[in-house]
Amino acid sequence: MIKIAILGYGTIGSGVVEVLRTNQESIAKRAGSEIEVKYILDLRDFPGDPMEGKVVHDYDIIANDPEVQVVVEAMGGVEPAYSFVKRALLAGKSVATSNKALVAKHGAELIAIAKEQSINFLFEASVGGGIPIIRPLNSSLTADEIQEITGILNGTTNYMLSKMTFEGLEFQDVLKDAQSRGYAEADPTADIEGYDACRKIAILTSLVCGQQVDFEEIYTEGITKITATDIKYAKAMGRVIKLLATSCKTPEGYCAMVAPFMLSQQHPLYSVNDVFNAIFVHGNVLGDAMFYGSGAGKLPTASAVVADIVDIAKHLHKNILISWSSRKMELVDSKRAKSRFFVRTRNGADTITAAFGEVEWIEAPGVTGEMGFLTGEMVQEEYEKRAEGLQNVLQMIRVV
């Protein structure tokens, strides 16, 4: 019998309990032992809940109980999650978490402590919810040199952009719709400004390069400036707009960013719609691979957490090696990344060609009083320098 404690009984914590109860027999078979929830830490009481008797309010009870071998962190945020998780690891208890903020900021340190203690700190659910990506990168793809990871890593923004594409709605309208459906929080900043996706690509890049990638240093641009007019132009070009988190290996090092991109129909992420997530990986030996599924939600995320619990149960007192050191990776400036650029402006054709030379003109049905054009491929530094020759730039979106 393996006894676990769950920190936080919100969406993910209660989901973990539900998954453990629903698939109890098959999970025990795969783990090689039954898994029992001994404690649930929460500030609230849950009268009438089947787990009511497991709820405690003092973390010391969990930290000081030698029977607890695994702690599931489902609180979110950095503190007090970081302090609780670090204390659990130092006490010899393995940890499974879905907390991307915690992993992005303190992952290297917590992995190192787990290694010293011959236990595990696992975080499959921190990126892509129910989509398995951490474990494949750490085991299945270790023979490859990963040259690119590009993903739709936020279900909220993908739902909103899909809704704008299919129904021609404006940003504020789809945001209200997403909030009414529970896809977006009352304060949606982390999603719509790209911060959520930024932390996730920081984690993936750290795993690929084996060093600490600070999410604060990744260029991040959200979807708040995308309009229904932009969608019309994208449709006229046979493209869709997606918020991508991308990390590429260049001769100078790794370059990472989060930003809206216009994708062609040939792009592997073109057809990923609604709240679904997908992650495209390119390896120098494997070539291309795709991971697709529910990137968020109670049960998909809880399923990934429970998979980590099972992995921990199968490796009690034996560390699963994760190559992620605290040595900092200096990222290549995203302004040196190449792409084509779609631009909307009120400048005339002569001014545009004087600044950019030959361009591809784009017309969108029903759009008047402006010019739309597509540049040739160039680094962003060059685009910015050329764009200084324009006034009244209404929009710029990268195109791949």
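## Overall architecture

Two residues are in contact when heavy atoms lie within 4.5 Å. By this criterion, residues 24 or more positions apart account for 73% of the contacts in the chain with a separation of 6 or more. The structure described here is a predicted model. The chain contains 14 helices and 17 strands.

The radius of gyration of the chain is 23 Å, which agrees with the value near 21 Å that a compact globule of 400 residues would have. Along the principal axes, the C-alpha atoms fill a box of roughly 75 × 45 × 35 Å. Of the 400 residues, 55% count as buried. The accessible surface amounts to about 17,400 Å², and 48% of this area belongs to carbon and sulfur atoms.

## Helix H5: length and bend

Helix H5 comprises residues 100-116. Its 17 residues should span 24 Å at 1.5 Å a residue, and the end C-alpha atoms are 23 Å apart, so the two values agree. H5 nevertheless contains a kink of about 80°, centred on His106. His106 is also one of the buried residues of the helix.

The N-terminal end of H5 is capped by Asn99, which places a side-chain oxygen 3.2 Å from the backbone nitrogen of Ala101. After the helix comes Ser118, a residue with a positive phi near 55°.

## Helix H5: burial and cover

The buried residues of H5 are Ala101, Leu102, Val103, Ala104, His106, Gly107, Ala108, Leu110, Ile111, Ile113 and Ala114. Ala101, whose backbone nitrogen takes part in the cap, is thus listed among the buried positions.

Both helices and strands contribute to the cover over these residues. The covering elements include helix H4 (81-90) and helix H10 (195-209), together with strands E4 (68-73), E5 (94-97) and E6 (121-122).

## The buried Glu124

Glu124 is located in the loop between strand E6 and helix H6 (134-140). Its relative accessibility is 3%, and because buried means under 20%, Glu124 counts as buried.

Two backbone nitrogens lie within reach of the Glu124 side chain: a polar side-chain atom is 2.8 Å from the backbone nitrogen of Ile133, and the side chain reaches that of Ile134 at 2.9 Å. Apart from neighbours within four places in sequence, Glu124 is in contact with Thr97, Gly129, Ile131, Pro132, Ile133, Ile134, Arg135, Pro136, Ala304 and Asp308.

## Backbone features in the loops

Most residues other than glycine have a negative phi, and most peptide bonds are trans. The following loop positions depart from these patterns.

The peptide bond from Glu79 to Pro80 is cis, with omega near 5°. Pro80 belongs to the loop between strand E4 and helix H4, and both of these elements are included in the cover of the buried residues of H5.

Ser118, which is not a glycine, has a positive phi of about 55° and occupies the loop between H5 and E6. With 33% relative accessibility, Ser118 counts as partly exposed, since that class lies between the cut-offs of 20% and 50%. Asn392, likewise a residue other than glycine, has a positive phi near 60°. Asn392 is placed in the loop between helix H14 (380-387) and strand E17 (393-399).

Definitions and conventions:
Residues are numbered from 1 along each chain as its sequence is written. This is a predicted model: local features need pLDDT of at least 70, side-chain atom pairs count only at pLDDT 80 or more; totals for chains, interfaces and linings use all residues. Side-chain values use heavy atoms; hydrogens and water are left out. Helices (H or I, at least four residues) and strands (E, at least two) are DSSP runs, numbered from the N terminus. The expected span of a helix is 1.5 Å times one less than its number of residues. The bend at a residue is the angle between axes fitted to the seven residues ending there and the seven starting there. Buried means under 20% relative accessible area, exposed over 50%, partly exposed in between (1.4 Å probe, protein chains only). A polar contact is a pair of N or O atoms within 3.5 Å; within protein, one must be able to donate a hydrogen and the other to accept it, and residues adjacent in sequence count only if both atoms are side-chain atoms. The radius of gyration is taken over C-alpha atoms; the globule rule is 2.2 Å times the number of residues to the power 0.38. Accessible areas come from the Shrake-Rupley method with a 1.4 Å probe; for residues, only the protein chains shown count as cover.
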